[in-house]
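Reader: I would like to go through this model with you and ask why each label was given. Could we start when the picture is up?

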Amino acid sequence: MSANSRLTIAAHALTWIGLYQRRGHEVATSEQIATSVNTNPVVIRRLLGELRKAGLAESRRGAGAGWVLARDLAAITLLDVYQAVEPGPLFALHPATPDPECVVGHGIGPVMTAVYDHVEAALRRELARTTLEDVLQDVLKAS
């Protein structure tokens, strides 16, 4: 099973757009962003579409078409990005109901749900503490 990179790619794209705009550019194209991420522009367009629906990015059409931030980097948390690109729960229970006659099958669902709820709450708290401005500043320090 491979790890999901959607949050990382979405945060990368938005942070890149923010830096690009600070450097005096009005809009960023999905091709430019894809070059930084090292992925296909279609992947970027799909993610940016989800970020647009969440109110984090805006697209411009026509001459000078491209993407801009809908809010300042300091006003976007990693939790905002996570909720935009990962709308479902972090973990899931069995796809089929376990055997209710088995002691483990009967009790596993409620036990794992409680654990998963605590893990997800901790994840959300941590993501809410970091803005994309924080990410950009740390990236620039590391350069």
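Author: Gladly, and one definition comes first: a residue is buried under 20% relative accessible area, exposed over 50% and partly exposed in between (1.4 Å probe, protein chains only). The model is a predicted one, in which local features need pLDDT of at least 70 and side-chain atom pairs count only at pLDDT 80 or more, while totals for chains, interfaces and linings use all residues. Residues are numbered from 1 along each chain as its sequence is written, and side-chain values use heavy atoms, without hydrogens and water.

Reader: What makes H4 mostly covered?

Author: Six of the eight residues of H4 are buried. They are Leu-78, Leu-79, Val-81, Tyr-82, Ala-84 and Val-85. H4 itself spans residues 78–85; helices (H or I, at least four residues) and strands (E, at least two) are DSSP runs, numbered from the N terminus.

Reader: Which helices do the buried residues of H4 pack against?

Author: They pack against H1, H3, H5 and H6, with contact meaning heavy atoms within 4.5 Å. On the H1 side, Arg-6, Leu-7, Ala-10, Ala-11 and Leu-14 meet Leu-78, Val-81, Tyr-82 and Val-85 of H4.

Reader: Why are H1 and H4 called oblique to each other?

Author: The axes of H1 (residues 6–22) and H4 come within 9 Å and cross at roughly 120°. Axes are lines fitted to C-alpha atoms, for helices over the stretch in contact, with angles from 0 to 180 degrees between N-to-C directions. An angle under 35 degrees is roughly parallel, over 145 roughly antiparallel, 65 to 115 roughly perpendicular, and the rest oblique. The crossing value fits none of the named ranges, so H1 and H4 are oblique.

Reader: And what makes H1 oblique to H2?

Author: The axes of H1 and H2 (residues 30–37) come within 10 Å, crossing at roughly 120°. That angle makes H1 oblique to H2. From H1, the contact involves Ile-9, His-12, Ala-13, Trp-16, Ile-17 and Tyr-20; from H2, Gln-32, Ile-33, Ser-36 and Val-37.

Reader: Now to the loop between H2 and H3: why does Asn-38 count as exposed?

Author: Asn-38, in that loop, has 70% relative accessibility, which is over the cut-off for exposed, so the label follows. Asn-38 also has a positive phi of about 65°, although it is not a glycine.

Reader: Why does Pro-41 get the label partly exposed?

Author: Pro-41 has 21% relative accessibility, a value between the two cut-offs, so Pro-41 counts as partly exposed. Pro-41 is found in H3 (residues 41–53). Leaving aside neighbours within four places in sequence, Pro-41 is in contact with Ser-30, Glu-31 and Ala-34. Its C-alpha atom is separated by 8.8 Å from that of Thr-29, twelve residues apart along the chain.

Reader: How do you know that E1 and E2 pair?

Author: Pairing asks for at least two bridges found by DSSP, and E1 (residues 57–60) and E2 are joined by four, in the antiparallel sense. One of the partnerships links Arg-60 with Gly-66 in E2. In the hairpin, which has five residues between the strands, Gly-62 takes a positive phi near 80°.

Reader: Which way do the residues of E2 point?

Author: In E2 (residues 66–69), Gly-66 and Val-68 point one way while Trp-67 and Leu-69 point the other way, and all are buried.

Reader: Further along, is Thr-77 buried or exposed, and how do you know?

Author: Thr-77 has a relative accessible area of 17%, so it is buried. This residue sits in the loop between E2 and H4. Not counting residues up to four places away in sequence, Thr-77 touches Leu-127, Ala-128, Thr-130 and Thr-131.

Reader: What makes Leu-127 buried?

Author: Its relative accessible area is 10%, under the cut-off, so Leu-127 is buried. Leu-127 lies in H5 (residues 103–128). With residues up to four places away in sequence not counted, it touches Leu-7, Thr-77, Leu-78, Leu-79 and Tyr-82. Leu-127 and Thr-113 are 14 residues apart in sequence, and their C-alpha atoms are 21 Å apart in space.

Reader: One last label: why does Glu-133 count as buried?

Author: Glu-133 has 17% relative accessibility, which again falls under the limit, so it counts as buried. Glu-133 belongs to H6 (residues 132–142). Apart from residues up to four places away in sequence, Glu-133 touches Arg-22, Leu-73 and Ala-74.
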